[in-house]
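Please open the structure in your viewer and keep the sequence panel beside it. This tour suggests what to select at each stop and says what can be found there.

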Amino acid sequence: MILTNLYQCDAWQFIESMTDRSADCIITDPLYDCNLNVKELRRVCRGNIIVFCAPENQFFKPDEYMFWVKTVSTKNYSKHVGRFVEMILILRGGAFNVLHWSQMTGVYDDRLIHRPVHPFEKPLSLMERLVRIYSNPDDTVFDPFMGSGSTIKASINLGRHAIGCERDQKTFECTSQSISEILNARNKPYCGEWGILRQNRLFSTPKQSHAHSEL
């Protein structure tokens with residue numbers, strides 16, 4: 001039974017309420033100028049932690065790292081030169097699945113195939129690669145800064161449980177709607193295999209990673 005739970009809330013409030021080692025893998029793309037509490041991420045995750053970052057602001061010293069090379073575009077460079085590479089930091093501690101050699105190079109140039117709905121949206125193909133390598137089927141993948149939900153969608157496509165948090169209400173509504181459409185497109189009625197929990201309050205008691213609520 002694969003479960004998908006989405007929460008509209010502050011990520012750190014939610015993480016504080018989580019039990020130790022309640023996620024198998026964290027894959028996330030936080031704001032690059034935020035303060036990332038790696039100790040808390042380690043507490044709630046019993047496996048790999050994968051975090052996107054700017055090369056000039058690496059959140060922690062990784063066990064290994066990757067690079068995502070973005071499409072070059074024209075912007076206003078009055079204050080600095082352009083940057084079209086993002087780093088992906090990995091703290092190892094769980095699954096490591098070897099794919100075809102072309103998927104293991106550590107330097108990727110995946111592109112969005114549709115108009116982005118979020119300013120920092122990541123290509124689904126890139127997120128599916130990370131999910132395949134660093135988690136196993138039936139694992140729980142947690143994205144505390146889910147944005148457009150690429151990590152959640154990749155997890156659904158690959159048979160992982162997924163937990164996502166998003167603080168912004170408009171973004172949350174848009175993402176939960178698109179994920180609902182993906183789940184509803186599976187050509188079978190709701191039968192207890194997935195659900196989205198819309199939650200606006202703060203979390204004062206621990207939540208189990210596989211908590212389930214019907215739409």
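The tour goes from the whole chain to one strand, then to the nonpolar cores, and ends at a single residue.

**The whole chain**

Begin with the protein chain in cartoon view, bearing in mind that this is a predicted model. Its secondary structure comes to five helices and eight strands, and if you follow the chain along the sequence, these elements appear in the pattern β-α-β-α-β-β-β-β-α-β-α-β-α. Of the 215 residues in the chain, 50% are buried. If you switch on the surface, you will be looking at about 11300 Å² of accessible area, of which 51% belongs to carbon and sulfur atoms. Among contacts between residues at least 6 apart in sequence, 69% join residues at least 24 apart.

**Strand 1 and its partner**

Next, select residues 4-8, which form strand 1. In a regular strand, side chains alternate between the two faces of the sheet. Is strand 1 covered on one face or on both? Thr4, Leu6 and Gln8 point to one side and Asn5 and Tyr7 to the other, and both groups are buried. Now add residues 161-166, which make up strand 8: this strand runs parallel to strand 1, and five bridges join the two. To find one of the pairings, look at Thr4, whose bridge partner in strand 8 is Ala162.

**The nonpolar cores**

Select Phe14, Ile26, Leu36, Ile49, Phe60 and Phe142 as side chains; these have the most contacts inside the largest nonpolar core, which has 23 residues. The elements giving two or more residues to this core include helix 1 (11-17), strand 2 (23-28) and helix 2 (38-44), while strand 3 gives the most, with four residues. Centre the view on Ile49, which touches Ile26, Leu41, Arg42, Leu89, Ile90 and Leu91, leaving aside residues up to four places away in sequence. A second, separate core has 20 residues, including Ile50, Ala54, Ile90 and Ala154.

**Glu86**

Finally, select Glu86, which lies in strand 5. Is Glu86 buried or exposed? Its relative accessible area is 5%, and because a residue counts as buried when this value is under 20%, Glu86 is buried. Once residues up to four places away in sequence are set aside, the residues that Glu86 touches include Tyr32, Phe52, Met66, Trp68 and Lys122. With Lys122 there is also a polar contact of 3.4 Å, which joins the two side chains.

Methods:
Residues are numbered from 1 along each chain as its sequence is written. This is a predicted model: local features need pLDDT of at least 70, side-chain atom pairs count only at pLDDT 80 or more; totals for chains, interfaces and linings use all residues. Side-chain values use heavy atoms; hydrogens and water are left out. Buried means under 20% relative accessible area, exposed over 50%, partly exposed in between (1.4 Å probe, protein chains only). Two strands pair if DSSP finds at least two bridges between them. A nonpolar core is a set of buried Ala, Val, Leu, Ile, Met, Phe, Trp, Tyr and Cys residues joined through side-chain atoms within 4.5 Å. Contact means heavy atoms within 4.5 Å. A polar contact is a pair of N or O atoms within 3.5 Å; within protein, one must be able to donate a hydrogen and the other to accept it, and residues adjacent in sequence count only if both atoms are side-chain atoms. Accessible areas come from the Shrake-Rupley method with a 1.4 Å probe; for residues, only the protein chains shown count as cover.
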